[in-house]
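Biologist: Please take a close look at one part of this model for me, the aromatic pairs, and set that part against the whole protein. How many aromatic pairs does the structure hold?

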Amino acid sequence: MRRFPKARPHPVLSPVVARAPGRVNLIGEHTDYNEGFVLPIAIDRGTEVSAWPSEDDAVLLESVAYGETARFRVDDDPATLQPPWARYVAGVLSRLRRNGLPAVGFRAKIDTDLPLGGGLSSSAALTCASALAAVEVARLGGAAIPPWLEEPGRLAAICRDAERVALGVRCGIMDPYTALHARSGQALLLDCRDLSVRFVPLPADRVSVVVADSGVRHSLAAGGYNERRGECEEALARLNGPGARLRSLRDLDASALAAEGKRLPPTLLRRARHVVTENARTQEAADSLARDDLARFGRLMVESHESLRKDYEVSCPELDALVEIALRARGVFGSRMTGGGFGGSTVSLVEPGSAKRLVETLATEYERRTGRKAEVRVVRPSGAGGVRRDPAAQG
Ligand code: ADP
Ligand code: MG
């Protein structure tokens, strides 16, 4: 077995504390990797990476959630590391190095109040907090920080790529972008083609956001996700016969799909139809929110869920049950599954005065129907991650 040096804490420096939030996507699901539109908020739960610079190239990690430690060198291949969660951090370091940031060792404690695998993007919270910490540790060590780091979206793209190289999950830009660029009290309509953003207020006196974690974790989630991506690529390739030059399914609208969809087998037609209709719904939802039409916003959420259930086939009975229960409750504008699907969470928008009641109803009714316990809570639209020094903490 390979022997690793101990990561020696720097004798002088205090820890760098980097924090990145989880997110909940209000609408716009499975559109980000099709260069489409998404409308997420960052939430008031997240992941904190407290890092102490070390004097060598060893990285020592402790995950409180897993009660485990991991140890590797900054230039180790991320894809083979154990335990697997260490690959997220190693993936970030490898992509940062590839983009010209000098590799520096550190020792870090990882703490989170997000559910892992619950559809609230604990993975991007981890990659983004790790990236922020690693950059700051390098900066403190006197490294020249490449100027591209200031460009919006660049660090988010590195975190997205880290998940791909380290875990083989071909995720989109939405999760890390939200963790790094969200604003408190606002949803962000992100155009995943050019990363242009429109912030739309989500006023706390008008609407509360309730997230219900179904507790279901399907092992096929990563495989199913990659399969859907593959199907979108295949649909695009078939539509791009002679004459057509679509860059992504985002370039298609409803009338083009009606005219050209005949060329697709039924399954691919349904996948493409979800992407096309979801992009239209997401833009309309942002407009509805901007003009305070929450009733319309809610109906679009329900249509989104139906499309994900029937056309994209990424929901599951437990998520459907949570949506059904929410839609019967008082004061609810809309409800849908959120995140990649195959388990995970739902998001519901509700009048603030009815939020507490909805939380209780979802928990009790879901257990009665499925025998499972859902973790249900109100989340608040929160700001982006960041980094601070913590002189009080001990290394
Ligand atoms: P989601 O992003 O919806 O939570 P993912 O499957 O994409 O679900 O990411 C969950 C994975 O991220 C976990 O299985 C684990 O490997 C990793 N992870 C997230 N947070 C932590 C943490 N605090 N400590 C260790 N690993 C974590
Ligand atoms: Mg994730």
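Modeller: Helices and strands here are DSSP runs counted from the N terminus, with H or I over at least four residues for a helix and E over at least two for a strand. On that basis the protein has 10 helices and 12 strands. Please keep in mind that this is a predicted model, in which local features need pLDDT of at least 70 and side-chain atom pairs count only at pLDDT 80 or more, while totals for chains, interfaces and linings use all residues. Residues are numbered from 1 along each chain as its sequence is written, chains are lettered from A and ligands numbered from 1 in the order in which they are written, and side-chain values use heavy atoms, leaving out hydrogens and water.

The whole protein comes before the detail. Its radius of gyration, taken over C-alpha atoms, is 21 Å, which agrees with the value near 21 Å for a compact globule of 395 residues; that rule is 2.2 Å times the number of residues to the power 0.38. The C-alpha trace spans about 60 × 55 × 40 Å along its principal axes. Buried residues, meaning those under 20% relative accessible area with a 1.4 Å probe and protein chains only (exposed is over 50%, partly exposed in between), make up 56% of the 395. If a contact means heavy atoms within 4.5 Å, then 73% of the contacts with a separation of 6 or more join residues 24 or more positions apart.

Now to your part. Rings of Phe, Tyr and Trp (its six-membered ring) pair if their centres lie within 6.5 Å; planes under 30 degrees apart count as stacked, over 60 as edge-to-face and the rest as tilted. The structure holds two such aromatic pairs. In one, Y33 and Y225 have ring centres 5.4 Å apart and planes at 70 degrees, so this pair is edge-to-face. Because Y33 sits in the loop between β1 (16-27) and β2 (37-53) and Y225 in helix α5 (residues 221-239), the pair ties together parts that are 192 residues apart in sequence. Y33 is buried at 12% relative accessible area, and Y225 counts as buried at 13%.

The other pair is Y66 with W85: the ring centres are 6.3 Å apart and the planes lie at 5 degrees, so these two are stacked. This pair links distant parts of the chain, 19 residues apart, with Y66 in the loop between β3 (58-63) and β4 (68-73) and W85 in the loop between β4 and α1 (86-98). Y66 is partly exposed at 46%, whereas W85 is buried at 8%.

The loop of W85 deserves one more look. P83 also belongs to the loop between β4 and α1, and the peptide bond from Q82 to P83 is cis, with omega near -10 degrees. Most residues other than glycine have a negative phi, and most peptide bonds are trans.

Two backbone positions with a positive phi round off the picture. S121, not a glycine, has a phi of about 65 degrees; its place is the loop between β5 (106-112) and α2 (122-140), and S121 is buried at 8% relative accessible area. F342, in the loop between β9 (332-338) and β10, has a phi near 55 degrees and counts as buried at 10%.
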